[in-house]
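Grab a pencil and work through the exercises below with the model open beside you. Try each task before you read its solution.

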Amino acid sequence: MPMALIAPSILSANFLNMEADINMINNSEADWFHLDVMDGRFVPNITFGMPVIAAMKAKAKKTFDVHLMIVEPEKYIEGFAKAGADVLSVHYEASTHLHRNLQIIKANGMKAGVAMNPHTPIELLADLIEDIDVVCLMSVNPGFGGQKFIERTYHKIRTLKQMIVERGASTLIEIDGGVTLQNAGLLIKDGADVLVAGNTVFSSPDPADTIKKLKEIGK
Ligand code: DX5
Ligand code: ZN
């Protein structure tokens, strides 16, 4: 089985004691922090923004993978770079000028990601796949943690993997939503490179051990 990166989602962490969860992730086998920014417009929920991310960055020791679920993401790309994002994903559905957004993200020193809602055909990325560092495939409808995985995602992963291989691109496939210890193996087998896990990690009795188990599946 190929290696997969594990990205615990902070959305399911304890917001009253974030430092403890940051330290847990620092000391775990996790690879990235996944940070979900929601604006109450693109998705029916509001989370946190630049100040919270900047504060966390001071304590965190791993890659910051920031998932923007916001309209007009182009307005805030520079701000998230300053806050400490290493990978910045904008939604396909929120980007009128997606190619330009990717260019701005890279010009600000970050890896460029495109997140796609479950209903959006993966084939729409055909004309810019080489320009995308990470495709964040939503395997739930964005907005909330703890939702059920949408099974159609396996098919989308395989189609996307084929496109990446055929074009010789180095794009990573990230799966976001409903990832569990049960489906992680199948996701990796079909081509997932990064697994986001919120509920699975933070609702478990031993989050660091759950991260270790997810990581072992990908070894
Ligand atoms: C959903 C977010 C996800 C979420 C995943 O809109 O983008 O990152 O935190 O949470 P789980 O793993 O609980 O489905
Ligand atoms: Zn996310």
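## Exercise 1: the annotated binding site

In this predicted model, the unreviewed UniProt entry marks His-34, Asp-36, His-67 and Asp-176 as "binding site". Task: work out why these residues gather at one spot.

Solution, step by step:
- Start with the sequence: the four annotated positions span 143 residues.
- Now go to space: no two of their C-alpha atoms are more than 10.4 Å apart, so they gather at one spot.

## Exercise 2: the two aspartates

Task: find which residues the record lists under "active site", and decide whether Asp-36 is buried or exposed and whether Asp-176 is buried or exposed.

Solution, step by step:
- The unreviewed UniProt entry gives Asp-36 and Asp-176 for "active site". They are spread over 141 residues of sequence but cluster in space, with a largest C-alpha distance of 10.4 Å.
- Place them: Asp-36 sits in strand β2, while Asp-176 belongs to strand β7, residues 172-176.
- Count neighbours, remembering that 20 or more other C-beta atoms within 10 Å make a residue buried. Asp-36 has 24 inside that distance, so Asp-36 is buried. Asp-176 has 26, so Asp-176 is buried as well.
- Check contacts beyond four places in sequence. Asp-36 meets Ser-9, Leu-11, Thr-47, His-67 and Met-69. For Asp-176 the contacts are His-67, Cys-136, Leu-137, Met-138, Ser-139 and Val-196. His-67 turns up in both lists.

## Exercise 3: His-34

Task: say where His-34 is located and which residues His-34 is in contact with.

Solution, step by step:
- His-34 is part of strand β2.
- His-34 counts as buried because 28 C-beta neighbours fall inside 10 Å.
- Skipping neighbours within four places in sequence, His-34 contacts Ala-7, Pro-8, Ser-9, Ile-10, Asp-65, His-67 and Val-196.

## Exercise 4: around the ligand

Task: find how many residues surround ligand 1 and how they divide into nonpolar, polar and charged.

Solution, step by step:
- The shell holds 21 residues, and the closest are Ser-9, Pro-142, Gly-145, Gly-198 and Asn-199.
- Elements that supply two or more of them are β2 (32-38), β8 (194-197) and α7 (199-202).
- Sorted by type, the shell has six nonpolar, 13 polar and two charged residues.

## Exercise 5: how far to trust it

Task: look up the predictor's confidence in the protein and in the complex.

Solution, step by step:
- Mean pLDDT for the protein is 97, with 99% of its residues at 70 or more.
- For the complex, the predictor reports an ipTM of 0.99 and a pTM of 0.98.

Terms used. Residues are numbered from 1 along each chain as its sequence is written. Chains are lettered from A and ligands numbered from 1 in the order in which they are written. This is a predicted model: local features need pLDDT of at least 70, side-chain atom pairs count only at pLDDT 80 or more; totals for chains, interfaces and linings use all residues. pLDDT is the predictor's confidence in each residue, from 0 to 100. A residue is near a molecule or strand if its C-beta atom, placed from the backbone, lies within 6 Å of it. Helices (H or I, at least four residues) and strands (E, at least two) are DSSP runs, numbered from the N terminus. Ala, Val, Leu, Ile, Met, Phe, Trp, Tyr, Cys and Pro count as nonpolar, Asp, Glu, Lys and Arg as charged, and the others, Gly among them, as polar. UniProt positions are given in the numbering used here, feature names are shortened, and annotations may be inferred rather than shown by experiment. A residue is buried if 20 or more other C-beta atoms lie within 10 Å of its own, exposed if 12 or fewer, and partly exposed in between; C-beta atoms are placed from the backbone. Two residues are in contact if their C-beta atoms, placed from the backbone, lie within 7 Å.
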